[in-house]
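Work through the exercises below with the sequence and the model at hand. Each task is followed by a solution in steps.

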Amino acid sequence: MDKRQFVDLLHKKASGKATATELKQIEDVFERLQQNDQNLVWTEAEQEEIKQRIKSKLPQAVSREVLIDWKKYLIGMAASVLIFVASYTAYQEYSFEPEIPILHRSTTSSQRAKVILPDGTLVHLNVNSSLSFPEFFDADQRVVELVGEAFFEVVKNPNKPFIVQTESLTTTVLGTSFNMYAMDGATPTVTVNTGKVKVMPADDNQKEVILLPDQQAVLLPSLELEVSRVNSQAISKWRSNEIKFDLLPFDEVVALIARSYHVAIDLRGYKKNGCLIKASYANSGVEFILSGLQNLADFDYEIQQNGNVIIDYKDCKN
């Protein structure tokens, strides 16, 4: 909270428009006032604005001399509920914390990234994803925001929870590794590799679940969390330098490519016929993998302008 925000809160309180949350914020500030003896530097413009607001609140009977000596008047009005008496108290004693810059990292459809956060946590950011985080974490918690998919290797700190926020889920950990999938239009999931993770819908903390290794939470359309047992290593395999298909049917191969690269693939003409794919490729993009698969299966493909793919499947190759 900066000085301007605090003064605005005090103004809302005086006009009776402050919410319960805002009243609690004001109360927290004054609790800190009693514990600190620090000076706040206000600009001349800020001091003049506060002075004028105070004057507008004073009784008509107050003399001009008192108006000029406004600081002395405020000291005499220590018990007053006028908004800018509180502002003066803040001026004398409260030290506001500066705004912390928010940093952003993002990837395209053909790149991945590794991001080291201020606490040393390592984030593997998948394609078409973005991560926002403060330049420095505050004293109580570590909060980041994710759009897309990422794998987190969180540095353990029992006194400072690590929180990942997406549009639909809030995930809280102390120190662990987990995969989070939150692409626009897709079903949000959290998969734990190591440690313990708490997951809840973003707007309902009464539905939280605790996940252990090899457990996954899926947010259903009903906003309920469904927990199941999975192979967490396989789900986060997109981080590796290669992608492997171990005797998978062609349609499952396509689904894995779509999932790993966050693209929609329209598979046409495919029928279950027992054709299994066993191969590995460098994790170098959709086109690279599809061109390699053409050595094992007979199909044509087209990558559209938006990155989505159409595959016309014909048959297996002997």
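**Exercise 1. The chain as a whole**

Of the contacts in the chain with a separation of 6 or more, what percentage is accounted for by residues 24 or more positions apart? Then describe the chain by its secondary structure, burial and exposed surface.

Solution.
- The model is a predicted one.
- Residues 24 or more positions apart account for 47% of the contacts with a separation of 6 or more.
- The secondary structure consists of 9 helices and 18 strands.
- The chain has 318 residues, and 39% of them are buried.
- About 17,800 Å² of the chain is exposed, and carbon and sulfur atoms supply 49% of that area.

**Exercise 2. A pair of helices**

Describe how α8 and α9 pack, and state which residues form the contact.

Solution.
- Two packed helices are described by the angle between their axes and the distance between the axes.
- Helix α8 covers residues 250-261 and helix α9 covers residues 286-293; the angle between them is about 165°, and their axes are 11 Å apart.
- An angle over 145 degrees counts as roughly antiparallel, so α8 is roughly antiparallel to α9.
- The crossing of the two helices is right-handed.
- From α8, the residues in the contact are Val253, Ile257 and Tyr261; from α9, they are Val286, Ile289, Leu290 and Leu293.
- Sorted by class, this contact has 7 nonpolar residues, with no polar and no charged ones.

**Exercise 3. Positive phi outside glycine**

For Leu223 and His262, give the phi value and the place in the chain, and decide whether each residue is buried or partly exposed.

Solution.
- Leu223 has a phi near 70°, which is positive although the residue is not glycine.
- Leu223 sits in the loop that runs between β12 (215-219) and β13 (225-229).
- The relative accessible area of Leu223 is 38%, so this residue is partly exposed.
- His262 also has a positive phi without being glycine, here near 55°.
- The loop that holds His262 lies between α8 and β15 (265-268).
- Buried means under 20% relative accessible area; His262 has 12% and is therefore buried.

**Exercise 4. A buried residue in a strand**

Where is Asn193, and which residues does it touch beyond its neighbours within four places in sequence?

Solution.
- Asn193 belongs to strand β9, which spans residues 189-194.
- Its relative accessibility is 9%, so Asn193 counts as buried.
- Leaving aside neighbours within four places in sequence, the contacts of Asn193 are Phe151, Ser177, Phe178, Asn179, Pro213, Ser232, Gln233 and Ser236.
- Asn193 and Phe152 are 41 residues apart in sequence, while their C-alpha atoms are 9.7 Å apart in space.

**Exercise 5. Two loop residues**

Locate Glu208 and Leu296, and list their contacts beyond four places in sequence.

Solution.
- Glu208 is in the loop between β10 (197-201) and β11 (209-211).
- With 38% relative accessibility, Glu208 counts as partly exposed.
- Not counting residues up to four places away in sequence, Glu208 touches Lys198, Val199 and Met200.
- From Glu208 to Leu169 the C-alpha distance is 10.0 Å, and the two are 39 residues apart in sequence.
- Leu296 is in the loop between α9 and β17 (297-303).
- Leu296, at 32% relative accessibility, is partly exposed.
- Neighbours within four places aside, Leu296 is in contact with Ile277, Lys278, Ala279, Tyr281, Cys316 and Lys317.
- One of these contacts, Cys316, is 20 residues from Leu296 in sequence and 6.6 Å from it, C-alpha to C-alpha.

**Exercise 6. A residue in a helix**

In which helix is Ala234 found, and how far apart in space are Ala234 and Lys244?

Solution.
- Ala234 is found in helix α7, which covers residues 232-235.
- Its relative accessibility is 39%, so Ala234 counts as partly exposed.
- Ala234 and Lys244 are 10.0 Å apart, C-alpha to C-alpha, at a sequence distance of 10 residues.

Conventions
Residues are numbered from 1 along each chain as its sequence is written. This is a predicted model: local features need pLDDT of at least 70, side-chain atom pairs count only at pLDDT 80 or more; totals for chains, interfaces and linings use all residues. Side-chain values use heavy atoms; hydrogens and water are left out. Axes are lines fitted to C-alpha atoms, for helices over the stretch in contact, and angles run from 0 to 180 degrees between N-to-C directions. Angles under 35 degrees count as roughly parallel, over 145 as roughly antiparallel, 65 to 115 as roughly perpendicular and the rest as oblique. A crossing is left-handed if the near helix is turned anticlockwise from the far one by less than a right angle, and right-handed if clockwise. Contact means heavy atoms within 4.5 Å. Ala, Val, Leu, Ile, Met, Phe, Trp, Tyr, Cys and Pro count as nonpolar, Asp, Glu, Lys and Arg as charged, and the others, Gly among them, as polar. Buried means under 20% relative accessible area, exposed over 50%, partly exposed in between (1.4 Å probe, protein chains only). Accessible areas come from the Shrake-Rupley method with a 1.4 Å probe; for residues, only the protein chains shown count as cover.
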